[in-house]
Amino acid sequence: MFQQEVATSRSERGDVTDLAVAPDLPTEPPTGVSAAPRPLPAETARPRPHRSASFARVVGADCTDRAWPLDGAGVEQVAARLARLGDRWSIVHGVPVHPTDVADLLVVGPGGVYAVTVRHAPGASVWTRGETVLVNGAPTRWVAESRRVARGAGARLAAATECGVEVTALLVVVGAHDGFVCHAQPRDGVRVLTRRDVDGWLRTQPARLVTDEVETLYTAARLPHTWAA
């Protein structure tokens, strides 16, 4: 699959700050990340079963144009679920795939590469069918936005590794306590899930990448110049 690999070793990964992800659902928003352009998981002394990195202190991006509010706790809740995948999977937080598009979480593992877009709909009712996602009956552009983020991430990773990289969009809905109904999944590489489903669904994915490929992609994903405009 790969014609050329990124030659950065584990010991050279000092350019991005590693973050630990809380193992359970948070009750308060994260603290101590005042310089970040968007909320990110709080640092914690607890060990984590996977590798996690953040671009909060390396690059900036304008992510303020959201139809629904996103708080740090929402991303942290999803990251906590992803932490259950184990050490064969790695996560990068807040990846700026475009000046106005950010992947809340980029997940790399044996099952492939996934750009996770988190949408917070507190107390709402969410209904989905194909390209349509309704929140309390109001239409959204969440599927199209998630697809655009994944395609942007794939293009940047392909350029950085000089190989074709397929990135699947995961649209993860948080806080829809009034009901979540999915009648049919979207087409063209987008999957709509709830926070509680995301780690289990990823475990069911067939192996698409070998260990060296996962390592190469994770290394490229953590390098700031991969995402430079």
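1. Strand 9 is mostly covered in this predicted model, with eight of its eight residues buried. V167, A169, L171 and V173 point one way from the strand, whereas T168, L170, V172 and V174 point the other way, and all of them are buried. This arrangement follows the usual pattern, in that side chains of a regular strand alternate between the two faces of the sheet.

2. The neighbours of strand 9 in the sheet can be named on both counts of pairing. Eight bridges join strand 5 to strand 9, and the two run parallel; within that pairing, Y114 stands opposite T168. Strand 11, residues 190–194, is also parallel to strand 9 and is joined to it by five bridges, with L193 of strand 11 as the bridge partner of V172.

3. Helix 1, residues 72–82, is likewise mostly covered, since the count of buried residues is eleven of eleven. Among the buried residues of helix 1 are the charged-type entries E76 and R81 as well as V75, V78 and L82, a point that a colleague setting up protonation states may wish to look at in the structure above. The buried residues of helix 1 pack against strand 3 (90–98), strand 4 (101–109), strand 5 (112–120), strand 9 (167–174) and helix 3 (198–203).4. The largest nonpolar core has 35 residues, and those with the most contacts inside it are L106, V113, L157, V167 and W227. At least two residues of this core come from each of strand 3, strand 4, strand 5, strand 7 (132–135), helix 2 (142–161), strand 9, strand 11 and helix 4, and helix 2 gives the most, with six residues. Leaving aside residues up to four places away in sequence, L157 touches L106, V113, V165, V167, L217, A220, A221, T226 and W227. Apart from this core lies another, of 19 residues, which includes V75, L105, Y114 and V198.

5. Helix 4, residues 211–221, is mostly covered, with nine of its eleven residues buried. Among those buried are L217, A220 and A221, which also appear in the list of residues that L157 touches.

6. Which residues form the aromatic cluster? W89, Y114 and W201 form one such cluster, and the count of aromatic pairs comes to two. W89 and Y114 form a tilted pair, 6.3 Å centre to centre and with 35 degrees between the planes; W89 lies in the loop between helix 1 and strand 3 and Y114 in strand 5, so this pair ties together parts that are 25 residues apart in sequence. W89 and Y114 are both buried. The rings of Y114 and W201 have centres 5.9 Å apart and planes at 85 degrees, so that pair is edge-to-face. Because Y114 lies in strand 5 and W201 in helix 3, the second pair ties together parts 87 residues apart in sequence, and W201 is buried, as is Y114.

7. Over the whole protein, the secondary structure comes to four helices and eleven strands, and buried residues make up 55% of the 229 residues. Of the contacts with a separation of 6 or more, 71% are between residues 24 or more positions apart. The accessible surface comes to about 10,500 Å², of which 49% belongs to carbon and sulfur atoms.

8. Confidence should be read alongside these points. The mean pLDDT of the protein is 76, and 69% of the residues reach 70 or more. Over residues 1–49 the pLDDT stays under 50, and for this stretch the model has 108 contacts beyond four places in sequence. Residues 56–70 also have a pLDDT below 50, with 38 contacts in the model beyond near neighbours in sequence.

Conventions
Residues are numbered from 1 along each chain as its sequence is written. This is a predicted model: local features need pLDDT of at least 70, side-chain atom pairs count only at pLDDT 80 or more; totals for chains, interfaces and linings use all residues. Side-chain values use heavy atoms; hydrogens and water are left out. Buried means under 20% relative accessible area, exposed over 50%, partly exposed in between (1.4 Å probe, protein chains only). Contact means heavy atoms within 4.5 Å. Accessible areas come from the Shrake-Rupley method with a 1.4 Å probe; for residues, only the protein chains shown count as cover. Two strands pair if DSSP finds at least two bridges between them. A nonpolar core is a set of buried Ala, Val, Leu, Ile, Met, Phe, Trp, Tyr and Cys residues joined through side-chain atoms within 4.5 Å. pLDDT is the predictor's confidence in each residue, from 0 to 100. Rings of Phe, Tyr and Trp (its six-membered ring) pair if their centres lie within 6.5 Å; planes under 30 degrees apart count as stacked, over 60 as edge-to-face and the rest as tilted.
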